[in-house]
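Please open the model in your viewer, with the sequence panel beside it, and follow the selections below in order.

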Amino acid sequence: PVDGRFPAPPASRKDSHLRKLIHPVAALLAGAALSAALSAALLHAAVPRNIDRAIETQRALAAERPADSGVENDLGSLLVLSEDFAGAEQAYRRAIELDPENASAHFNLGLLLQQMGNRRDALKAYKRTVELEPRHAWAHYQEGTICHAQGRDSAAKKAYAKALAFD
């Protein structure tokens, strides 16, 4: 959600089943979403002036621990904070290469790809996340937002229902 709110339900009558599902999902996830949105806003507003130093330190740690997927995943998150999206994507992909079962890296890659407008690959990342962690409510929810944006309402409904069930 760009402005901290969930997408409005579809306008057509044909989609009323989806409208009924989105509102409860949004209501249940709204507290967490608001918290996440506020945290993201605060993080962005409070990006430390020494973010470059933090990234440099994380890169040094990655050099010391070249097989540590978590270190690469964390590097990706720091790079997102500094708005180096290409570097973040590379770090997330390296984390996945090191540990293909790192669900957090798949999810973070999905968020980044979705933010960059690459819905197709973001959806693949979310699907892999839920293969690894079937109860990952946020991956199901993000999958639903992509399916909904693509007009695939049946798939969106299923994804939203899973998000609701696991949250």
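For the burial calls in this tour, a residue counts as buried when its relative accessible area is under 20%, as exposed when that area is over 50%, and as partly exposed in between. The model is a predicted one.

**The whole chain**

Begin with the protein chain in cartoon view, where the secondary structure comes to 8 helices and 0 strands, so that, read along the sequence, the pattern is α-α-α-α-α-α-α-α. Of the 167 residues of the chain, 37% count as buried. Among the contacts with a separation of 6 or more, 49% are accounted for by residues 24 or more positions apart.

**Helix H4**

Next select residues 85-98, which form helix H4. The 14 residues of H4 should span 20 Å at 1.5 Å a residue, and the distance between its end C-alpha atoms, 20 Å, agrees with that. Which residues of H4 are buried? Colour Gly-87, Ala-88, Ala-91, Tyr-92, Ala-95 and Ile-96, since these are the ones under the 20% cut-off. An α-helix has 3.6 residues a turn, so residues three or four places apart point the same way. To see what covers the buried residues of H4, display H3 and helix H5 (103-115), both of which are included in that cover.

**Where H3 meets H4**

Keep H4 on screen and add helix H3, residues 69-81. The two helices pack at an angle of about 165°, with their axes 8 Å apart, which makes H3 roughly antiparallel to H4, because angles over 145 degrees count as such. The crossing of H3 and H4 is left-handed. On the H3 side, show the side chains of Ser-69, Glu-72, Asn-73, Leu-75, Gly-76, Ser-77, Leu-79 and Val-80, and on the H4 side those of Phe-85, Gly-87, Ala-88, Ala-91, Tyr-92, Arg-94, Ala-95 and Leu-98, which together make the contact. By class, the residues of this contact divide into 9 nonpolar, 5 polar and 2 charged.

**Val-80**

Now centre the view on Val-80, which lies in helix H3. Is Val-80 buried or partly exposed? With a relative accessibility of 26%, Val-80 counts as partly exposed, because that value falls between the 20% and 50% cut-offs. Leaving aside neighbours within four places in sequence, the contacts of Val-80 are Phe-85, Ala-88, Tyr-92 and Leu-112. A distance label drawn from the C-alpha atom of Val-80 to that of Asn-108, which is 28 residues away along the chain, should read 9.9 Å.

**The loop at Glu-83**

From there, move to Glu-83, in the loop between helix H3 and helix H4. The phi angle of Glu-83 is near 65°, which is a positive value in a residue other than glycine. Glu-83 is partly exposed, at a relative accessible area of 47%.

**Where H2 meets H3**

Turn to the other pairing of H3 on this tour by selecting helix H2, residues 51-64, whose axis comes within 10 Å of that of H3 and crosses it at roughly 165°. H2 and H3 are therefore roughly antiparallel to each other, and H2 passes H3 in a left-handed crossing. The contact is made by Ile-51, Ala-54, Ile-55, Gln-58, Arg-59, Leu-61 and Ala-62 of H2 together with Val-71, Glu-72, Asp-74, Leu-75, Leu-78, Leu-79 and Leu-81 of H3. By class, this contact has 10 nonpolar, 1 polar and 3 charged residues.

**Thr-129 in H6**

Select Thr-129 next, whose place is in helix H6, residues 119-132. Thr-129 counts as buried, at 0% relative accessibility. Outside its neighbours within four places in sequence, Thr-129 is in contact with Ala-103, His-106, Phe-107, His-136 and Ala-139.

**Where H7 meets H8**

Finish with helix H7 (residues 137-149) and helix H8 (residues 153-166), whose axes come within 8 Å and cross at roughly 160°, making H7 roughly antiparallel to H8. The crossing of H7 and H8 is left-handed. Show Ala-137, His-140, Tyr-141, Glu-143, Gly-144, Thr-145, Cys-147 and His-148 in H7, which meet Asp-153, Ala-155, Ala-156, Ala-159, Tyr-160, Lys-162, Ala-163 and Phe-166 in H8. The contact of H7 with H8 has 9 nonpolar, 4 polar and 3 charged residues.

Terms used: Residues numbered from 1 in each chain as written. Predicted model: local features only at pLDDT ≥ 70, side-chain atom pairs only at ≥ 80, totals over all residues. Heavy atoms only, no water. Helix = DSSP H or I, 4+ residues; strand = E, 2+ residues; numbered from the N terminus. Buried < 20%, exposed > 50% of the residue type's maximum accessible area, 1.4 Å probe, protein only. Expected span 1.5 Å × (residues − 1). Contact = heavy atoms within 4.5 Å. Axes fitted to C-alpha atoms, helices over the stretch in contact; angles between N-to-C directions. Parallel < 35°, antiparallel > 145°, perpendicular 65-115°, else oblique. Left-handed = near helix turned anticlockwise from the far one by under 90°. Nonpolar A, V, L, I, M, F, W, Y, C, P; charged D, E, K, R; others polar.
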